[in-house]
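Trainee: Could you take me through one part of this model in detail? I would like a close look at the main pocket and the strands around it.

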Amino acid sequence: MGIEIEKKFLLPAFPQAVLDQENVTLVSKRTIYQTYLAYSKDEEIRVRQLIDVDGSCHYTHTFKSGHGMVREEIEYSISEDMYQQLLSRSKLIPLEKVRTTVDHYGILYEIDEYKQIDLVVVEVEFPDLDAAQMFKVPDWFGKELGQEEEFRNKTLWIQLQTSM
């Protein structure tokens with residue numbers, strides 16, 4: 001099982017001025033449609049449709065376990081047919097976000113703009129705990145969203161299902 005080590009921060013708005021700086025390089029931009037197939041307090045199974053700006057599309061199936069900065073994660077690609085089969089009879093509404101990935105001095109930042117709610121966050125994944133603990137938070141990052149349940153994608157998705 002893989003391990004994901006990640007920190008997530010609130011942003012007041014999409015940081016275009018920061019991205020326009022010379023030391024920030026655009027890596028990718030894609031739209032993500034994320035749907036949860038099953039979840040409990042400590043586990044989740046989700047599927048994603050990811051559409052790159054060039055129109056190319058791929059699909060993933062992910063299992064995550066745990067809370068906080070360090071979580072277990074298994075993610076792999078699935079076919080469009082499998083993705084459609086998993087969702088075809090559901091009336092589930094995917095959580096939609098645009099993810100802009102940038103490189104800042106060798107560190108990747110994933111900026112997520114949620115489309116159904118007014119929320120922008122940035123996530124940083126780390127190779128190990130030492131790197132996470134040594135990370136110097138840029139001044140344009142907002143509040144760290146460590147254990148706040150209301151900002152977890154699963155929570156946002158559940159609220160979306162009950163509000164539509």
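**The pocket and its strands**

Mentor: Start with a pairing. Serine 65 stands opposite glutamate 72 in strand 5. Keep in mind that this is a predicted model. Serine 65 is not alone there: isoleucine 3 also stands opposite glutamate 72. Now the strands themselves. Strand 4 (57-65) and strand 5 (70-78) run antiparallel and share seven bridges. Strand 1 is joined to strand 5 by four bridges, again antiparallel.

Next, the turn. Four residues lie between strand 4 and strand 5 in their hairpin. Glycine 66 in this hairpin has a positive phi, near 110°.

Now the pocket. The largest one has a volume of about 620 Å³. Its lining counts 35 residues, and those closest to the centre are Glu4, Glu6, Lys64, Arg71 and Glu123. Strands 1, 4 and 5 are among the elements that each give two or more residues to this lining. So are strand 2 (24-39), strand 3 (43-52), strand 6 (95-104), strand 8 (119-126) and helix 4 (153-163). By class, the lining has 22 charged residues, eight polar and five nonpolar.

One last stop, in the loop between strand 6 and strand 7 (107-114): tyrosine 105. Its phi is positive, near 55°, and the residue is not a glycine. Is tyrosine 105 buried or exposed? Tyrosine 105 counts as exposed because its relative accessibility is 64%, and the cut-off for exposed is over 50%.

Key: Residues numbered from 1 in each chain as written. Predicted model: local features only at pLDDT ≥ 70, side-chain atom pairs only at ≥ 80, totals over all residues. Heavy atoms only, no water. 1 Å grid on protein atoms, 1.4 Å probe; cavity = no way out; pocket = protein on both sides within 12 Å on 5 of 7 lines; lining within 4 Å. Points joined across faces, edges and corners; volume = space filled by probe spheres on them. Nonpolar A, V, L, I, M, F, W, Y, C, P; charged D, E, K, R; others polar. Pairing = 2+ DSSP bridges. Buried < 20%, exposed > 50% of the residue type's maximum accessible area, 1.4 Å probe, protein only.
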